[in-house]
Amino acid sequence: RDWSSDVCSSDLVDGTADPRVATVATVVSPRPEVVVTDQYGNPVGSVPVAFDVVSGASYPGVGSLDDSGTAAATLTVNTGLDGSAYADWTLGQGAGANQVTATVTIGTDPVVLAFNATGTADVPATVTRTAGESQTGTVGAALATGLQVTVVDQYSNPVPNQSVTFSGDGTASSATTNSSGVASTSWTLGHAAGAQTLTATA
């Protein structure tokens with residue numbers, strides 16, 4: 001059978017959205033999949049397809065491909081009777097753009113298809129003071145410098161759009177983190193003189 005004419009991404013066949021979006025260090029859905037057909041549109045089996053993790057942080061930070069329980073940065077899979085080949089793709093720990101390519105060599109010419117995914121931050125793991133600590137002010141009045149905290153996930157990715165509440169002495173409004181994981185608020189001290197404490201919770 002002549003299979004030298006066509007290699008297509010299953011995304012085009014199924015209309016699957018690209019780029020994909022998934023939480024860092026989780027499996028991407030839908031998985032990267034390609035379909036190999038001959039010039040008449042018939043599926044062609046037993047064709048090697050090389051999947052490669054090509055963008056993001058260095059492996060294994062960029063993620064891994066898994067076909068049978070073994071994680072790797074490169075994986076070669078033969079197409080089945082339906083002409084398709086796929087790999088499960090686990091994103092790396094860093095938020096941002098990731099890419100996997102699938103390569104089929106037709107004669108001496110490689111055909112390369114790209115699959116893109118965006119890794120988003122995991123749930124909040126740490127809240128850190130970044131501005132406004134150890135000030136002195138007048139009771140019942142707002143401190144001169146606003147408070148800032150930074151929220152990150154377990155992989156140190158900033159967590160955006162995360163609500164942060166402040167509780168303790170005096171009053172401070174809740175805030176939402178920006179794209180850098182930073183939440184800002186103003187602290188009005190309580191009416192008791194002496195040390196006062198505020199706790200930020202995300």
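**Strands, cores and unusual backbone in a predicted model**

Strand S14, which covers residues 163-168, pairs with S16 in the antiparallel sense, and two bridges hold this pairing. The model in which this pairing is found is a predicted one. One residue of S14 shows how the register runs, since Val164 has Ala175 in S16 as its bridge partner. The two strands belong to an open sheet of three, whose order is S16-S14-S19 and whose pairing is antiparallel. The edges of this sheet are taken by S16 (175-176) and S19 (198-201), each of which has a single partner strand, so that one side of each remains without a neighbour in the sheet. As a general matter, the strands of a sheet pair through backbone hydrogen bonds, in either a parallel or an antiparallel way.

From this sheet one can step back to the chain as a whole. The protein chain has one helix and 19 strands, and of its 202 residues 36% count as buried. When contacts between residues at least 6 apart in sequence are considered, 61% of them join residues that are at least 24 apart.

A second sheet is open as well, with five strands in the order S2-S11-S10-S4-S7 and mixed pairing. Here S2 and S7 are the edge strands, and because each has a single partner strand, one side of each is left without a neighbour in the sheet. On average, and with direction ignored, neighbouring strands of this sheet are turned by 30° against each other.

Strand S4 can be followed to both of its partners. Towards S10, S4 pairs in the antiparallel sense over five bridges, and Ala50 finds its bridge partner in Thr103 of S10. Towards S7, the strands S4 and S7 again run antiparallel and are joined by five bridges, with Pro48 standing opposite Asn78 of S7.

How do the side chains of S7 distribute over the two faces, and which of them are buried? Leu75 and Val77 point to one face and are buried, whereas Thr74, Thr76 and Asn78 point to the other face and are not buried. This agrees with the general expectation that side chains alternate between the two faces of the sheet in a regular strand.

The nonpolar cores give another view of the fold. The largest of them has 23 residues, and those with the most contacts inside it are Val34, Val49, Phe51, Leu65 and Trp89. Two or more residues are given to this core by each of the strands S3 (33-37), S4 (48-55), S7 (74-78), S9 (88-91), S10 and S11 (109-120). Among these elements S10 supplies the largest share, which is four residues. Another core lies apart from this one and has 13 residues, including Val159, Phe166, Ala175 and Ala183. Ala175 has already appeared above as the bridge partner of Val164.

Thr101 offers a closer look at S10, the strand of residues 96-106 in which it lies. Is Thr101 buried or exposed? With a relative accessible area of 11%, Thr101 falls below the 20% cut-off and is therefore buried. Leaving aside residues up to four places away in sequence, Thr101 touches Ala50, Phe51, Asp52, Val54, Val112, Leu113 and Ala114.

Aromatic rings enter the picture in one further way. The charged end of Arg31 sits over the ring of Tyr86, at 3.5 Å from the centre of that ring. The count of aromatic pairs, by contrast, comes to zero.

Finally, the backbone has a few places that call for attention. Most residues other than glycine have a negative phi, and most peptide bonds are trans. Against that background, Ser29 and Pro30 are joined by a cis peptide bond, with omega at about 0°, and Pro30 has its place in the loop between strand S2 (20-23) and S3. Ser134, in the loop between strand S12 (126-131) and strand S13 (147-152), has a positive phi near 60° although it is not a glycine, and at 65% relative accessibility Ser134 counts as exposed. Asn161 likewise has a positive phi, near 55°, in a residue other than glycine. Asn161 lies in the loop between S13 and S14, and its relative accessible area of 66% makes it exposed.

Key:
Residues numbered from 1 in each chain as written. Predicted model: local features only at pLDDT ≥ 70, side-chain atom pairs only at ≥ 80, totals over all residues. Heavy atoms only, no water. Pairing = 2+ DSSP bridges. Buried < 20%, exposed > 50% of the residue type's maximum accessible area, 1.4 Å probe, protein only. Contact = heavy atoms within 4.5 Å. Core = buried A, V, L, I, M, F, W, Y, C linked by side-chain atoms within 4.5 Å. Phe/Tyr/Trp six-rings, centres within 6.5 Å; stacked < 30°, edge-to-face > 60°. Lys NZ or Arg CZ within 6 Å of the ring centre and 35° of its normal. Axes fitted to C-alpha atoms, helices over the stretch in contact; angles between N-to-C directions.
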